[in-house]
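These are notes for a colleague who is about to look through the structure shown below. They are set out as numbered points, first on the contacts with the nucleic acid and then on the contacts between the protein chains.

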Number of protein chains: 2
Amino acid sequence: MKPTIKDIAARSGVSIATVSRVLSQKTGTYSEKTQAKILRIAKELGYRKNTAAVELVKKRSAVIAVILNATPTNFSTEVIDGIQKRAGELGQGVIILYAGNRDDQMLHQAIVTALERSVSGILLTAIEPDDADLTLLKNSGIPFCFVSLYLNQPKILSVSSNNESITSQAVDYLVEQGHTAIALAGIDGYHTGTQRIAGYEAGMKAHGLTTSCIKYGDYSYESGRKLLQEFLPLKVTAIITASDMIAAGILNAAQEVGIRVPEDLSLVSIDGTIICNITTPGLTSVTQDFYRIGSRSVDQVMGHDVETFVPVRIDKRGSVKHLKK
Amino acid sequence: MKPTIKDIAARSGVSIATVSRVLSQKTGTYSEKTQAKILRIAKELGYRKNTAAVELVKKRSAVIAVILNATPTNFSTEVIDGIQKRAGELGQGVIILYAGNRDDQMLHQAIVTALERSVSGILLTAIEPDDADLTLLKNSGIPFCFVSLYLNQPKILSVSSNNESITSQAVDYLVEQGHTAIALAGIDGYHTGTQRIAGYEAGMKAHGLTTSCIKYGDYSYESGRKLLQEFLPLKVTAIITASDMIAAGILNAAQEVGIRVPEDLSLVSIDGTIICNITTPGLTSVTQDFYRIGSRSVDQVMGHDVETFVPVRIDKRGSVKHLKK
DNA sequence: GCACTTTACGTAAACGTTTACAACACCCTA
DNA sequence: TAGGGTGTTGTAAACGTTTACGTAAAGTGC
C-alpha cells in the first residue's frame with residue numbers, strides 16, 4: 001500500500017492535521033522539531049501526496065488545460081513551450097487535450113474533460129468553438145483564453161499577434177521594395193483570415209493600390225503547392241503567404257516550373273519558424289513570437305493583466321526582390 | 001455551486017448510489033425508467049462529474065502521462081498525435097509533462113507529478129532517466145514505457161525504431177548506389193547514438209568497408225551547419241545524418257560553399273519528416289513511423305502485447321547520386 | 001402457495017486530504 | 001493574579017464519488 005499521511009502520523013506520534021500542515025508548508029503552524037521529524041519519516045516511507053484527494057477538498061486543481069487542433073502546426077510546439085514554462089513558474093501543471101480538426105464533437109469533449117477536472121484555466125489554441133461551447137465556457141466559472149486567435153469580442157480573453165498589423169506591415173514592406181502587384185495566399189475563411197484580409201486591404205489602400213488578389217488555403221505545404229497553379233496566369237510580383245508551409249509549397253512548386261524566387265516572384269511568409277531558414281532561398285517573414293504568445297496566455301488566464309497583442313517583426317531573408325521604380 | 005450527484009438524487013427522489021450507478025453506466029443495476037429520469041435531471045442541472053472524487057475512490061486516474069524533452073524535435077508532435085489518438089480510443093486522457101533538456105531535476109519533478117496523480121501509465125519520450133529515477137519508476141507500481149528510445153534492458157517496456165537497422169539499411173542503400181566513403185553525422189553519445197553507430201559499423205563491415213567516419217551533434221539545424229565544416233577536408237561521397245534538421249543544415253551549408261547535392265555529396269537523412277520535402281533537393285530518408293511509435297507505446301503501457309520495434313522504410317527523394325563503379 | 005432467483009434500490013463506509021475550531025501550555029504585562 | 005496573546009497541536013467535518021452489503025419487491029418454476 002502507498003503510505004498516506006495517516007501512516008506518517010502514526011509513526012511520528014502526531015495527528016494527521018499536523019502532518020498535513022507540515023507537508024503543505026503552512027509555515028508558522030508547527031515547530032521546527034516536528035517539521036524535521038515528519039519530513040524525515042515521510043522520506044523514509046517514500047510518501048507521495050495523493051493529488052486527487054487534494055483536488056477534491058480544494059475544489060480546484062493546479063492545472064491548466066490546453067486545447068489544441070489535432071493538426072499540429074509547426075508553431076504549436078513553440079506556443080506550448082511558452083505555456084509550459086510560464087505555467088511551471090506559477091506552480092501549475094499543464095494538460096493537453098486534442099480537439100480534432102474543426103470537429104465540434106471532439107472539441108466539446110475536450111472542454112467537458114477540462115471542466116470535469118476543475119482546471120484553473122483553459123487555453124484554446126487556434127480553436128474557434130461554436131456558440132454552445134462558448135456559452136458552456138462562459139458559464140463554467142473557469143477562466144479561459146484564446147491563444148493565437150483574436151475573436152474581437154468584449155470580455156473574452158485572448159493573446160495573439162495582431163493579424164491586421166501583420167498583413168499591413170507585409171504590404172508596407174513590399175511596397176517599400178517597389179512592389180505593387182501584391183497577392184495574399186493561403187488565408188482561411190474564419191476570424192484569422194478575415195482579419196488578415198482587412199489588414200492587407202487597408203495596407204494596399206493606404207498606398208493607393210486598389211487591385212486586391214486573395215487566394216484561400218489551409219496553411220499546409222500541399223495547399224501552398226496547389227496555390228501556385230492559381231497564380232500562374234496572374235501577374236503578381238509578390239505574394240504574402242498565410243504560413244511558412246504555404247510559402248514553402250509555393251516556392252518549391254514555382255521552382256519546378258522555372259519561376260525563380262525572388263527574381264521572378266517575391267514571397268513574404270507569415271510565422272517565421274525555422275522553416276524559413278531551411279528553404280533556398282530563405283523566406284523573408286513577418287515573424288510571430290509564439291513563445292511569448294504562449295507564456296502571456298498563461299498570465300492572462302491566471303488573471304494577470306498583460307498584453308492582448310504580442311508584437312511581430314519583419315525578418316529579411318532572401319525571398320524578396322527590390323524592384324526599381 | 002456546481003451540482004453534485006446529491007442534488008440529482010434529491011431532485012429525482014432516489015439515493016446517490018442509484019444516481020452514481022446510472023451515471024457510471026453500471027448496466028443491469030437500474031431500470032430504464034430511473035435511468036431516463038436521472039439523465040434528464042442531470043442534463044437540466046448541467047451536472048459534471050468531479051474527476052478528483054472519482055480518482056480518489058478508484059485510486060487510479062484514467063490518464064497517461066507523457067514526459068517530453070523540452071526541445072521539441074520536429075517529430076514529437078507526430079508521436080504525441082499517435083499517443084493521443086490511441087489513448088482516446090482506450091478511454092484514457094493524456095497529460096504532457098516537460099522535463100527540460102537532460103535536466104535531471106526537472107525530469108525527477110515530472111516523474112513525481114505523474115506518480116502523485118496515480119496515472120495509469122507513464123510514457124518517456126526520448127528521455128533517459130538516471131538510476132535513481134529508474135528505480136523510482138520500477139517501484140511505483142505504475143507501468144512505464146520508453147518511446148523512441150531503446151534501452152536494451154530486460155523487462156523494460158519500449159517502442160522505437162530499431163536504430164541498428166536504420167543505419168545498416170542506410171549503408172546498404174548507399175553501397176547499392178555505388179558509395180563506399182560513407183560517413184555518419186550528428187549522432188549523440190547516448191543509447192540512440194551508440195546503437196546507430198553499431199548498425200553503421202556492422203553495415204560497413206558487411207560490405208567489406210573498414211574506414212568509418214563518425215561526427216557527433218545534437219540533431220539541430222545549427223549543428224548540421226557546423227558539421228559540414230568538419231567534412232570539408234574529408235573525402236566522403238555520402239553522409240547519413242542523425243536527423244532531418246542535421247541534413248538540412250549540412251545541405252544548406254554545403255550549397256553555400258559550392259558543394260552540390262547530390263552531384264558532389266549524397267545525403268541520407270534519418271526521420272523522414274516533412275522537412276525532407278521542403279529542401280531543394282528533397283532529402284532521401286530512412287523514414288520512421290512516429291505516429292505508430294506513439295500509438296503502440298500506449299498499447300504497450302496499457303499492458304497489450306505489441307511490437308517493440310516499429311519498421312522503417314527508405315524514401316527516395318533527390319539527395320543521393322548513383323555512382324558508376 | 002412455497003422456495004428460490006432476479007431486479008432495483010438504499011445504507012453507509014471508504015478513498016486521502018485540508019481546515020475551522022477548540023484546546024492547551026506558555027509567556028508577558030499590568 | 002487576572003487577562004490576554006502566541007505558538008503548537010488535536011478533533012472532526014468536509015470534499016464527491018464508488019461499491020460491498022443488505023433488503024424489499026417482483027418474477028419463476030413446480
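1. In this predicted model, a backbone N or O atom of Ser15(A) is placed 2.7 Å from a phosphate oxygen of DNA strand D. Ser31(A) also has a polar backbone atom facing the DNA, at 3.1 Å from a phosphate oxygen of DNA strand D, whereas for Thr34(A) it is an N or O atom of the side chain that lies 3.1 Å from a phosphate oxygen of that strand.

2. Both protein chains take part in the surface near DNA strand D, and the elements that give two or more residues to it are helix 2 (16-23) and helix 4 (51-58) of chain A, together with helix 2 (16-23) and helix 4 of chain B. Helix 2 of chain B gives the most, with four residues.

3. There are 28 residues around DNA strand D, and those that come nearest are Ser15(A), Thr18(A), Thr34(A), Ser20(B) and Tyr47(B). On the DNA side, sugar and phosphate make up 64% of the atoms of DNA strand D that come within 4 Å of the protein. Sorted by class, the protein surface near this strand holds twelve nonpolar, ten polar and six charged residues.

4. Turning to the protein chains, 40 residues of chain B are in contact with 40 residues of chain A. The two chains bury about 3,700 Å² between them, and 58% of that area is on carbon and sulfur atoms. Within chain B, the residues that lose the most area to chain A are Arg48(B), Glu116(B) and Ile278(B), which together account for 18% of what that side buries.

5. Which side chains meet in a salt bridge at 2.4 Å, N to O? They are those of Glu55(B) and Arg117(A), and across the interface of chain B and chain A two salt bridges are found by the rule applied. Between these chains, ten residue pairs, both members at pLDDT 80 or more, are in polar contact.

6. Several elements of chain B each supply at least two residues of the side that touches chain A, among them strand 1 (61-68), helix 5 (76-89), strand 2 (93-98) and helix 6 (104-116). The largest share of that side, five residues, comes from helix 4 of chain B, a helix that is also listed among the contributors to the surface near DNA strand D. The residues of chain B's side divide into 21 nonpolar, eleven polar and eight charged.

Note on methods. Residues are numbered from 1 along each chain as its sequence is written. Chains are lettered from A and ligands numbered from 1 in the order in which they are written. This is a predicted model: local features need pLDDT of at least 70, side-chain atom pairs count only at pLDDT 80 or more; totals for chains, interfaces and linings use all residues. Side-chain values use heavy atoms; hydrogens and water are left out. Contact means heavy atoms within 4.5 Å. Buried area is the accessible area (1.4 Å probe) that two parts lose on being put together, summed over both. A salt bridge is a side-chain nitrogen of Lys or Arg within 4 Å of a carboxyl oxygen of Asp or Glu. A polar contact is a pair of N or O atoms within 3.5 Å; within protein, one must be able to donate a hydrogen and the other to accept it, and residues adjacent in sequence count only if both atoms are side-chain atoms. Ala, Val, Leu, Ile, Met, Phe, Trp, Tyr, Cys and Pro count as nonpolar, Asp, Glu, Lys and Arg as charged, and the others, Gly among them, as polar. A residue is near a molecule or strand if one of its heavy atoms lies within 4 Å of it.
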